Amino acid sequence: MIHAVLIFNTSGVPRLTKFYSPIHHSSQTLVQRIFSLICTRPAGLCNFLDAPELEEFLGKKSHEDERLRVVYRSYATLHFVFLVDASESELGILDLIQVFVESLDRAFENVCELDLVFHFDEVHHILAEVIQGGLVLETNLDEIDRSIKQAAQARKTSFASSNPLSLGGGGGLGQRSAGLQTPLGWLTGKLSGVGAI
Amino acid sequence: MATGMRGLTQFIADIRGARVRELEEKRINKEMANIRKRFKDGNLDGYQKKKYVAKIIFTYILGYKVDVGHMEAVNLISSNKYSEKQIGYLAVTLLMHENSDFLRLVVNSIRKDLDDNNEIHNCLALHAIANVGGKEMAEALAEDVHRLLISPTSQSFVKKKAALTLLRMYRKHPDVIPAEEWALRIVSIMDDPDLGVVICVTSLVMALAQDHLDAYAVCYQKAVDRLHRLVVDHEYSATYAYYKVPSPWLQVKLLRLLQYYPPSDDPTIRSVLHNVLQVIMNNSAEPTRNVQHNNAQHAILFEAIGLAIHLDTNSPLVGTAAVLLARFISSKETNVRYLGLDTMAHLAARADSLEPIKKHQGTIILSLRDKDISVRRRALDLLYSMCDVDNSELIVGELLRYLRVADYGLREEMVLKIAILTEKYANSYKWYVDTILDLISAAGDHVGDEVWYRVVQIVTNTEDLQEYAAKVVFEHMKSPSSHESLVKVGGYILGEYGHLIANSPGYSPLEQFQLLHAKSQFCGAPTRALLLSTYIKWVNVFPELKPQLINVFERYRHVLDSELQQRACEFYAIASRPEEDELLQNVCEEMPPFPPRQSALLGRLNRKQGDTEDKRTWVIGGKEANLERQASKRLTVMTTGAARLSNGSTGVSQPDSASAQDITKTLAGLDFTTSPDQAEAPGLQHASSNLSTIKVPPVVAGPNVDRWFDKLTYSADGVLYEDIQLQIGVKSRYHGHLGQLAIYVGNKIGVPLTSFTTTMHVSEPEALSVTFAKMPPTMIAPRTQTQLLLHIECNKFFRTPPVMTVSFLAGSHQTLSVRLPLVITKFFEGVKLGPTEFFERWKLIGGPPREAQSIFPITLNAAGHIDMPKHRQVVSGLRFDILDGIDPNPTNIVGAGVLHMAVEGKVGCLMRLEPNREAKLCRVTIRSTSEDVASEVQKLVQKPLTTES
């Protein structure tokens, strides 16, 4: 299963942290630990990392024999990191990261780091359409997109019903106010590290 | 949504604007204080609550501790506005964990959302359970979730979430889910047309099947069928293609699922699966430039290779795979190298012969120096797995050399592995002792106590080794800095066996003492205590050292450490007794050999890799390690964890004096007397007996069903079963011990029967084999018929006809079991006999027990006569040749036939039927060379002719 999904930028600031197993220490230390593992790895190494040193964070007692692996992928300024156990296919997880990024991209129309900051709730909702409880829920981009749109629609309807006078307003996606937009590079095309084309 | 909440956007912008951490904290504290006040004042409307909870979530995500807002989140959940509900659920899943008290408050809201007609509300609720659901929630809501999963009206996206939610509940609290009861229903969803649903249900099935292999056995054929449709038929909706690969996740899952089952016995399934794997391997032959495409293809390929290894390590597929792997481990792409090594370790763990891997030994050893630690780790695992008696010296030597430069984090594991390999595959004692001492000198800090205990054990138990060991350890200790573990080994060995080398130049008692005692000042108390014991032994064997030694005891009598002090005092007292006293001698008697015992090392390594949630299908290590693991796993499954056997304890050690010469036996404490084949047998037997003891589902009953069945026992074609939905007809053809049975299943209703599944239950599988000629279809369109072709072979005598279970979804899930009209007489062939031949044989066979006879009532036809045509039809339908002119009475029927069986050969059978019109009775007499056949045939003749009362 997938134990955690993390996104942090190249300076180690977490942009998304989602744990599917209870963690035993502060999540910040865990994120820092993972970041220090990854940032020291130059491009060109593989996307997988054995991480016995992370076991203490994820309840060594309950499943002491877990062979935890870190599978990560870097896009432009962001690292997407999945913490998985031995029952997941490593390359499968790499594909899954790509799907997650592509669905973020669709929802935000060229996603950038700021989207993840200002729309943290939406990012969680999108993640929830891809992974549920540590397991792959859907991998079909169209399906994911459809579910997200549906939720947005429902939000819009409920917003409109409570604010009959507003014109649109709540609910829509990708409404970045112009002042906030500092494009950091479009992510999906910016695969860095291994396999960068 | 952040948009539409200006306060939130402002808050985020402020925090981003904060130049230093203090400012950020200040801003957050201010906000939290404000929120706390607002919450305290109460009277917030939904929008405000939503806004504040969103701010709290953001603060939490930044890594700050938050202690407010839980109650408000709970309230938001019960709001009927989706936007508020959504934030409420987000807060619950992020801020709470499964044991949180607040969760009790949301159970009812969640149940309400699960029952809601609005599917996206269902989804929110399911997602919440899947993330934070604890025991209470599982108990309260499992039924509701299951209902959403199986309900025909559920939308696909609800089903997906429901499946994963059930899985989560099962992982956390297996007893809440009646896994066996729900098995067939859940497996049937694997035929869902929506691949997304299939992915999720496959995940669920995979978890459940691991603990309930038999109940979920049907999933094997479903998985194979789905793979075939994806890989060979390319039957999938275009949106599920990921960079042109049909749903790689699903393929990977299915391939993984199949590895949890023993290879199927069914030749049809086997050949379909073989075909699938072949296609997957061929696909990989055409590399593309697209990274994602390559990734996806490799993900499948590696899993397929894993499955091929699992199915049969000797198959040509695995040969192909080995060639591919060899290419992968020297690939330019790091990911591929990594996975290539990993998969090769799997192959090494299972294969009978390590030859194909050994060919690449050089490449693998080079991988130990790969620039990536992940790859280095895999190379280490692989070297460990591929080590055997032939290459152990080379591999251990390489590992030792690498150990000196290895990453710090890797060393402990390496040391353990080197120690185990050395012990397991040592060709000579000398090499063993040399290597282990090298190991201790090279990486002392990482050498666990088990390692040096083991050396001591082995040296003590092996007389030839003692002198050599003493010399070597002495030499090792000469180096200026010896590790403490080495001092311990040295202290023990020289104490026990120092006298053996005392006469050789350079090893005199005094030199031994000086060497050892010089080290003692750098050692901790436990080691010093050990050295004191060494000295007292020396007092016994080297009287010339006595003054120095007593001097040492004398000094240690005043140290602060109580253990040391006590030892010193006691030893001093013993040593100071008069010369002729025997106490010292008795105390310092040579150590008796240790009883053979299992190596503590293996125990430790095994402890490191036990069962995970989704259990691994193999472990790092050689073939026998895996076999042992499998056996113990089966046991655990069988006893359902009642007495969980650890992997280590199954390797029972047997004291075997005859084999004491064989170092591998005494050393590893493993019982090698069982060859791998034998070890495998119990496991497989267990599996097959498991499969055959699957309880046969109760067959449908009813007068019609029996009548149809009875009629088919003596006719080749006809109806086997019929109700308002379904008609099952049979056509059959037999020749000798072989037969073909075509079963026609007709769908009589206006909707398709989906997830159509047929399974065979043969209660005497060694006597009768029944196999599908090809995989049965999974769907029957409205008002159409489908044909299933069965190949049948009779090997031995059997009594019970096989039962076919048909299950399908038509609104609800339905299951139907019918007996197939396969009786022993189907394998008869008639024989023409003249009167003399007939009577000759009849007499030869003689009376009981080789004769079976009975008298039963019969019904006369409308005209009051014996129904001769029917009698003749039954007898010839039972495949006897009717011999006319043998019995003078024309109403009597005489017949002869030969039963053909592939294994037990041919059995002759003669019969005579004597109906009596007046008494309305009939007598049947069967004589056969086999008693079983006689009695069985007698029953079969009587059954259709007797009056139904």
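A salt bridge is a side-chain nitrogen of Lys or Arg within 4 Å of a carboxyl oxygen of Asp or Glu. Keep that cut-off at hand for the tour. The model on screen is predicted.

**Stop 1: a pair in chain B**

Select Asp191(B) and Lys222(B). These two residues form a salt bridge, and their closest N and O atoms are 2.6 Å apart. Now look at where each one sits. Asp191(B) is in the loop between α10 (179–188) and α11 (195–211) of chain B, while Lys222(B) belongs to helix α12 (residues 218–232) of chain B, so the pair ties together parts that are 31 residues apart in sequence. Both Asp191(B) and Lys222(B) are buried.

**Stop 2: two helices of chain B**

Next, select Lys55(B) and Glu31(B). This is another salt bridge, with 2.8 Å between the closest N and O atoms. Lys55(B) lies in helix α3 (residues 46–61) of chain B and Glu31(B) in helix α2 (residues 21–41) of chain B; the pair links distant parts of the chain, 24 residues apart. Are these two residues buried or exposed? Lys55(B) has a relative accessible area of 6% and is buried. Glu31(B) is buried too, with a relative accessible area of 6%. The cut-off for buried is under 20%, so each value qualifies.

**Stop 3: a strand and a loop**

Move along chain B to Glu722(B) and Lys748(B). Their closest N and O atoms are 3.0 Å apart, and the two form a salt bridge. Glu722(B) is part of strand β3 (residues 718–722) of chain B, and Lys748(B) is in the loop between β5 (738–747) and β6 (754–761) of chain B, so this pair ties together parts that are 26 residues apart in sequence. Neither end counts as buried here: Glu722(B) is partly exposed at 31% relative accessibility, and Lys748(B) is partly exposed at 34%.

How many salt bridges does a search of the whole structure find? Over all chains there are 55.

**Stop 4: where the chains meet**

Show chain A and chain B together. The contact takes 77 residues from chain A and 80 residues from chain B. About 6,700 Å² is buried between the two chains, and carbon and sulfur atoms give 55% of that area.

Salt bridges are found here as well: 5 of them run between chain B and chain A. To see a salt bridge between the chains, select Lys161(B) and Glu129(A), whose closest N and O atoms are 3.1 Å apart. There are also 18 residue pairs in polar contact between the chains, with both residues at pLDDT 80 or more.

Then select helix α9 (residues 156–172) of chain B. This helix gives 9 residues to the side of chain B that touches chain A, the largest share. Coloured by class, that side of chain B has 36 nonpolar, 20 polar and 24 charged residues.

One more selection takes in both chains: Arg69(A), Glu90(A), Asp342(B), Arg378(B), Asp381(B) and Lys417(B). A network of salt bridges links these residues.

**Stop 5: chain A by itself**

Hide chain B and colour chain A by secondary structure. Chain A has 5 helices and 8 strands. Along the sequence, their order is β-β-α-β-β-β-α-α-α-β-β-α-β. Of the 197 residues in chain A, 64% are buried. Among chain A contacts between residues at least 6 apart in sequence, 58% join residues at least 24 apart.

**Stop 6: Val136(A)**

Show chain B again and select Val136(A), in strand β7 (residues 135–136) of chain A. Val136(A) is buried, with a relative accessible area of 7%. Which residues does Val136(A) contact, leaving aside its neighbours within four places in sequence? They are Leu96(A), Val130(A), Leu164(B), Ile199(B) and Cys200(B). For a distance check, select Asp121(A), which is 15 residues from Val136(A) along the chain; their C-alpha atoms are separated by 20 Å.

**Stop 7: the cysteines**

A disulfide is a covalent bond between the sulfur atoms of two cysteines. How many disulfides does the structure hold? The count over all chains is 0.

Two cysteines serve as examples. Select Cys46(A): the closest cysteine sulfur, in Cys39(A), is 16 Å from its own sulfur, which is too far for a bond. Cys46(A) is buried, at 0% relative accessibility. Then select Cys123(B), which is in no disulfide; the nearest cysteine sulfur is that of Cys200(B), 11 Å away. Cys123(B) is also buried, with a relative accessible area of 7%.

Terms used:
Residues numbered from 1 in each chain as written. Chains lettered and ligands numbered in written order. Predicted model: local features only at pLDDT ≥ 70, side-chain atom pairs only at ≥ 80, totals over all residues. Heavy atoms only, no water. Contact = heavy atoms within 4.5 Å. Buried area = accessible area lost by both parts, 1.4 Å probe. Polar contact = N/O pair within 3.5 Å; in protein donor to acceptor, adjacent residues only side chain to side chain. Helix = DSSP H or I, 4+ residues; strand = E, 2+ residues; numbered from the N terminus. Nonpolar A, V, L, I, M, F, W, Y, C, P; charged D, E, K, R; others polar. Buried < 20%, exposed > 50% of the residue type's maximum accessible area, 1.4 Å probe, protein only. Disulfide = S-S within 2.5 Å.
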